[in-house]
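Biologist: I am new to this structure and would like the reasons behind the labels. Please take me through them one at a time.

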Amino acid sequence: MSFDQLMPVFLSSKTSTVPPELPFRFTGGFGMSSKDEGVLMVAQGFYAMFAQAILFPYLAKRFGCLKVFRMAVIAWPMLYLLVPYTVLLPQQYRILGICFCLLWRTTGQALTYPPNNIMLTNSAPSKLVLGAINGVAGSTASLCRAFGPTITGFIYSKGLAIGVSGLGWWVTGLVCILGAGESLLMEEPKVDPIVPSIIDEEAIDDHTMLNPLSIDAAIVAAASAKDRSPEDLPPPFESPQQIDNESAT
């Protein structure tokens with residue numbers, strides 16, 4: 001989310017004429033027009049469809065969701081470290097550098113979001129709490145979408161004021177380092193396909209469980225039937241065929 005907010009601003013920022021003071025003090029962007037940025041975003045979208053539909057299923061089948069997730073998350077901090085330095089490349093290599101960063105970012109996104117959702121679903125102890133888990137996860141993601149770009153944009157503007165245009169990128173990279181460390185503590189849940197899971201057992205119980213209200217209604221009906229005389233009881237059910245036979249006779 002922060003990348004999507006920082007990159008368009010970074011691409012549209014004017015190129016700087018101030019000599020850089022490495023390793024951190026430099027400003028400026030690529031000075032791209034909205035048209036050129038749109039072309040890059042369209043190309044990024046087409047590659048995202050390929051990565052989502054073909055690349056991720058292949059890697060997940062070969063290495064597993066958790067390993068794919070870890071590889072992508074561990075690579076994120078390095079991306080945020082390198083992006084600001086692309087403005088220091090020679091003019092003929094700048095567009096190649098930014099395309100490489102966009103390719104890296106799109107691949108990382110395709111390899112983190114799907115396994116994250118899959119592992120979240122598989123880690124649920126019961127289908128009864130799956131809705132609550134997904135709800136909390138969705139609410140947390142929405143909270144990050146709301147405050148993440150706002151905070152990184154504020155940090156980016158402060159960095160420009162002091163002559164460090166990469167400040168917003170590098171602070172976000174520090175957050176990514178925390179996420180990468182957390183991924184090393186994750187464990188992928190193992191599900192035995194032979195032994196019924198807790199979810200299967202609860203599904204069976206839901207179908208076989210009697211409704212208490214139905215039992216109470218049956219008891220009341222039986223008690224009221226004992227107090228009735230035979231004349232008060234409703235006539236027995238007769239099928240249409242029986243009615244026709246009685247009419248014929």
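Modeller: This is a predicted model. A search of the whole structure finds two salt bridges.

Biologist: What makes Asp-4 and Arg-105 a salt bridge?

Modeller: The closest N and O atoms of Asp-4 and Arg-105 are 2.5 Å apart. The cut-off is within 4 Å, from a side-chain nitrogen of Lys or Arg to a carboxyl oxygen of Asp or Glu, so the pair counts. Asp-4 sits in helix H1 (residues 2–12) and Arg-105 in helix H4 (residues 91–110), 101 residues apart, and the pair links distant parts of the chain.

Biologist: Is each partner buried, exposed or partly exposed, and why?

Modeller: Asp-4 has 41% relative accessibility. Partly exposed lies between 20% and 50%, so Asp-4 is partly exposed. Arg-105 has a relative accessible area of 7%. Buried means under 20%, so Arg-105 is buried.

Biologist: How do you know that Arg-25 forms a salt bridge with Glu-21?

Modeller: The closest N and O atoms of Arg-25 and Glu-21 are 3.8 Å apart. That is within 4 Å, so this pair is a salt bridge too. Arg-25 has a relative accessible area of 43%, and is therefore partly exposed.

Biologist: Why does H1 count as roughly antiparallel to H4?

Modeller: The axes of H1 and H4 come within 13 Å and cross at roughly 170°. Angles over 145 degrees count as roughly antiparallel, so the label applies to H1 and H4. The contact is made by Phe-3, Asp-4, Met-7, Phe-10 and Leu-11 of H1 and by Ile-98, Cys-101, Leu-102 and Arg-105 of H4.

Biologist: How do the residues of that contact divide?

Modeller: Seven are nonpolar, none is polar and two are charged. Asp and Arg count as charged, so Asp-4 and Arg-105 of this contact carry that label.

Biologist: What makes H3 and H7 roughly antiparallel?

Modeller: Helix H3 (residues 65–82) and helix H7 (residues 167–183) pack at an angle of about 160°, with their axes 8 Å apart. That angle is over 145 degrees, so H3 and H7 are roughly antiparallel to each other. Their crossing is left-handed.

Biologist: Which residues meet there, and how do they divide?

Modeller: On the H3 side they include Phe-69, Arg-70, Val-73 and Trp-76, and on the H7 side Trp-169, Trp-170, Thr-172 and Gly-173. The residues of the contact of H3 with H7 divide into 12 nonpolar, four polar and one charged. Gly counts as polar, so Gly-173 falls in the polar group.

Methods
Residues are numbered from 1 along each chain as its sequence is written. This is a predicted model: local features need pLDDT of at least 70, side-chain atom pairs count only at pLDDT 80 or more; totals for chains, interfaces and linings use all residues. Side-chain values use heavy atoms; hydrogens and water are left out. Helices (H or I, at least four residues) and strands (E, at least two) are DSSP runs, numbered from the N terminus. Buried means under 20% relative accessible area, exposed over 50%, partly exposed in between (1.4 Å probe, protein chains only). Axes are lines fitted to C-alpha atoms, for helices over the stretch in contact, and angles run from 0 to 180 degrees between N-to-C directions. Angles under 35 degrees count as roughly parallel, over 145 as roughly antiparallel, 65 to 115 as roughly perpendicular and the rest as oblique. Contact means heavy atoms within 4.5 Å. A crossing is left-handed if the near helix is turned anticlockwise from the far one by less than a right angle, and right-handed if clockwise.
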